[in-house]
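Thanks for coming. I will go through one model this morning, starting with a loop and then moving on to the helices around it.

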Amino acid sequence: MSPFYLARGASKVLRRITSETSVELKILSEKWQLLLAGIVFQYIHGLAARGVHYLHRPGPILQDVGFMILPELGKERGYISETLFTFIFISFALWTFHPFILQTKRFYTVLIWRRVLAFLCASQFLRIVTFYSTQLPGPNYHCREGSPLARLPPPKNAAEVFLINFPRGVIYGCGDLIFSSHMIFTLVFIITYQKYGSVRFIKGLAWCVAVAQSLLIVASRKHYSVDVVVAWYTVNLVVFFLDKKLAELPDRSAGSASVLPMSVKDKDSKLKEENTRLLNLNSVEAADRRPWTQMNGKHLENGNHLDTETTIA
């Protein structure tokens with residue numbers, strides 16, 4: 001391929017990115033509140049997980065059917081489930097930004113992330129309530145008896161709690177078991193693609209990946225089987241009911257009306273146009289109601305004499 005065609009293609013992509021960025025920024029300027037709330041709640045969720053680690057007490061690993069069936073991967077192979085989760089997260093994030101590059105567009109990136117964050121926050125809220133209700137002894141290697149990370153000493157100051165020791169405090173957390181946070185993200189992403197994605201093969205493959213992720217989490221002993229099972233039906237129910245309450249996303253591929261916010265000038269212009277249309281409608285209705293009078297078999301309209309008599313032969 002010649003440099004000319006490469007430069008021409010790059011120019012088209014650049015114009016497409018610039019145009020889409022302008023559109024998304026206009027939507028963001030009107031609909032940023034829920035996005036910001038969702039991002040802040042991610043920190044609150046991390047803070048809650050950090051707090052329950054102070055309450056965690058290591059103990060014997062509970063009897064678990066998944067542990068009996070699935071062979072233990074071992075501490076040195078625990079990265080496998082994290083690698084798969086990273087692949088799922090990055091793939092979904094890239095897909096949500098495809099309107100910036102591809103010509104075919106089905107949704108606005110800002111709007112779909114508002115929806116995703118709503119699903120995540122609702123599920124995470126239920127998760128916080130659940131793992132604070134009952135603390136189970138963690139099955140992960142760093143949460144077992146004898147590990148220095150299994151119990152946290154009382155915090156020396158508030159900063160130690162609020163900074164949550166990121167990212168080490170998130171990776172080596174204990175006590176936040178029911179239900180799996182990894183499965184919350186995985187299922188929300190897959191359900192969202194199931195509805196707004198367009199490739200049928202990827203939709204089927206995504207559910208297979210979710211099953212594989214579930215098995216790897218249990219085999220890595222990062223969660224009990226109940227943590228994964230509860231996540232499967234809880235997240236699906238949360239998305240099912242919340243999806244009915246949220247406004248549906250406009251389908252850009254169908255040429256639906258734009259949801260872009262209007263400027264003050266555009267709003268004033270539209271308001272004037274509607275007022276003018278309303279005045280014209282009122283004037284037409286008033287003309288239709290002009291008085292008609294009848295005198296000696298003849299109709300008079302505003303002083304004009306109209307002969308309506310009929311002669312019978």
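Is Pro71 buried or exposed? This is a predicted model, so please take what follows as computed from it. Pro71 is exposed, because its relative accessibility is 62%, and a residue needs over 50% for that label. It sits in the loop that connects H3 and H4. Once neighbours within four places in sequence are set aside, Pro71 has contacts with Ala219 and Arg221. Pro71 and Arg221 are 150 residues apart along the chain, yet their C-alpha atoms are separated by 9.9 Å.

That brings me to Arg221. Where is Arg221 found? Arg221 is in the loop between H9 and H10, and H9 is the helix that it follows. Unlike Pro71, which is exposed, Arg221 is buried, with a relative accessible area of 6%. The cut-off for buried is under 20%, so 6% qualifies. Its backbone deserves a look as well: phi is positive, about 60°, although Arg221 is not a glycine. Most residues other than glycine have a negative phi.

While we are on backbone geometry, there is also a cis peptide bond. Which residues does the cis bond join? It joins Ile178 and Phe179, with omega at about 5°. Phe179 belongs to the loop between helix H7, residues 168-171, and H8. Most peptide bonds are trans.

Now the overall layout. The protein has 313 residues, of which 38% count as buried. Its secondary structure comes to 11 helices and 3 strands. In sequence order the pattern is α-α-α-α-α-α-α-α-α-α-α-β-β-β, so the helices are read before the strands. Taking contacts between residues at least 6 apart in sequence, 82% join residues at least 24 apart. The accessible surface is about 19300 Å², and carbon and sulfur atoms account for 65% of that.

Next, the pair H8 and H9. Two packed helices are described by the angle between their axes and the distance between the axes. For H8, residues 181-196, and H9, residues 200-219, the angle is about 170° and the axes are 10 Å apart. H8 is therefore roughly antiparallel to H9, since the label applies to angles over 145 degrees. On the H8 side, the contact is made by His182, Met183, Thr186, Leu187, Ile190, Ile191, Tyr193 and Gln194. On the H9 side, the residues are Ile202, Lys203, Ala206, Trp207, Ala210, Gln213, Ser214 and Ile217. By type, the residues of this contact divide into 10 nonpolar, 5 polar and 1 charged.

Let me stay with H9. What should its 20 residues span, at 1.5 Å a residue? The expected figure is 28 Å, and the end C-alpha atoms are 29 Å apart, which agrees. The buried residues of H9 are Lys203, Ala206, Val209, Ala210, Gln213, Ser214, Leu216, Ile217, Val218 and Ala219. Ala219 is also one of the two residues that I listed as contacts of Pro71. Which helices do the buried residues of H9 pack against? They pack against H3, residues 65-69, H4, residues 79-96, H8, and H10, residues 225-245.

Another loop to look at runs between H5, residues 109-133, and H6, residues 158-162, and His142 has its place there. His142 counts as buried, because its relative accessibility is 10%. Not counting residues up to four places away in sequence, His142 touches Ser147, Leu149, Ala150, Ile171, Tyr172, Gly173 and Cys174. Pro153 is in the loop between H5 and H6 too. Pro153, however, is exposed, with a relative accessible area of 53%. How far apart in space are Pro153 and Leu55, C-alpha to C-alpha? The separation is 9.9 Å, for two residues 98 apart in sequence.

Last, Ile44. Its place is in helix H2, residues 32-55. Ile44 counts as partly exposed, at 38% relative accessibility. From Ile44 to Phe125 is 81 residues in sequence and 9.5 Å in space, again C-alpha to C-alpha.

To recap two items for the discussion: Arg221 has the positive phi, and the Ile178 to Phe179 bond is cis. I will stop there and take questions.

Conventions:
Residues numbered from 1 in each chain as written. Predicted model: local features only at pLDDT ≥ 70, side-chain atom pairs only at ≥ 80, totals over all residues. Heavy atoms only, no water. Helix = DSSP H or I, 4+ residues; strand = E, 2+ residues; numbered from the N terminus. Buried < 20%, exposed > 50% of the residue type's maximum accessible area, 1.4 Å probe, protein only. Contact = heavy atoms within 4.5 Å. Axes fitted to C-alpha atoms, helices over the stretch in contact; angles between N-to-C directions. Parallel < 35°, antiparallel > 145°, perpendicular 65-115°, else oblique. Nonpolar A, V, L, I, M, F, W, Y, C, P; charged D, E, K, R; others polar. Expected span 1.5 Å × (residues − 1). Areas by Shrake-Rupley, 256 points an atom, 1.4 Å probe, with all protein chains shown as cover.
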